[in-house]
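Trainee: I'm new to this structure and would like a close look at one part of it. Could you take me through the second largest pocket and what surrounds it?

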Amino acid sequence: MTGRQGATVLTERQLAVVGLVSQGLPNKEIAARLGVSIRAIEATLTRVYVRLDLPNRSALIALALSEAGFGLAVARRPAPSGLGAVAALRSLEEEAGAYANAPFMVALTQGPEHRYTFVNRVAAEVAGRPGASLIGRTVLEVYPDLDPAFRAALDGSYASGRPWSSGIPAAVRWTHEDGSIRDSTVELIFQPVRDATGAVAGILQIGIEGSAPD
């Protein structure tokens, strides 16, 4: 993953951990795959958060996916080297297959009206509607009673090109495919996604339920 000036700022081990985090794996499984302790993974992630100035796991996933050009049906900036499996996702179809059933919320809106072009299973559960019914609709059409603070955050992130974090887990209601409903919280991030010219083209929305998985 690269910094603002394009220089690589993460080590190979850190990039490997980022790639596995971006697949939705908990720290315990990442540690097992890499043959290290959970404490070592936690320490690695802490260093990554500090180096990239990120508040949490949701922000890390959002940054990794956005740098890989996630979901854009337009020309993309060249993907930064070293992102591994994340950077290897080159088409919306491939990304849809990889993240449709990810254990965290993934949604992409495009344009200043924030029109959905990708929604995974978890994002559909949060919306309480089938995912296919959300594509092409704006955020306000899907959430007519959206908290003004979230609307302002979406507009602000798109206009400024800066990511936004909920800071503390935001309350959500999950409607599962079987019709059951439960209340929970998510760590929510709005991450601007840029096209080949560097202009903001959309907002990647990442949400992880409750606190970061271990």
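Mentor: Here is a walk through that pocket, followed by the strands that one side of the lining leads to. Keep in mind that this is a predicted model. The second largest pocket holds about 460 Å³ of space. Its lining counts 24 residues, and the closest to the pocket's centre are Val126, Tyr143, Leu146, Ala171 and Val172. As for what kind of residues you'll meet there, the lining has 20 nonpolar, 1 polar and 3 charged residues.

Now, where do they come from? Both helices and strands chip in: helix 6 (121-127) and helix 8 (148-160) each supply at least two lining residues, and so do strand 1 (105-110), strand 2 (115-119), strand 4 (170-175) and strand 5 (181-194). Strand 4 gives the largest share, with 4 residues.

Let's stay with strand 5 for a moment, since it takes you on to other strands. Strand 3 (residues 164-165) runs antiparallel to strand 5, and 2 bridges join them. Look for Ser165 there: Ile189 of strand 5 stands opposite. Strand 5 also pairs with strand 6 (residues 200-209), again in the antiparallel sense, over 9 bridges. One pair to find is Arg194 with its bridge partner Val200 in strand 6. The hairpin that strand 5 and strand 6 make has 5 residues between the strands, and Gly198 takes a positive phi near 95° in that hairpin.

Note on methods: Residues are numbered from 1 along each chain as its sequence is written. This is a predicted model: local features need pLDDT of at least 70, side-chain atom pairs count only at pLDDT 80 or more; totals for chains, interfaces and linings use all residues. Side-chain values use heavy atoms; hydrogens and water are left out. On a 1 Å grid over the protein atoms alone, a cavity is a set of points where a 1.4 Å probe fits but cannot get out, and a pocket is an open set with protein on both sides within 12 Å along at least five of seven lines; lining residues have an atom within 4 Å of a point. Grid points are joined across faces, edges and corners, and a volume is the space filled by probe spheres set on the points. Ala, Val, Leu, Ile, Met, Phe, Trp, Tyr, Cys and Pro count as nonpolar, Asp, Glu, Lys and Arg as charged, and the others, Gly among them, as polar. Two strands pair if DSSP finds at least two bridges between them.
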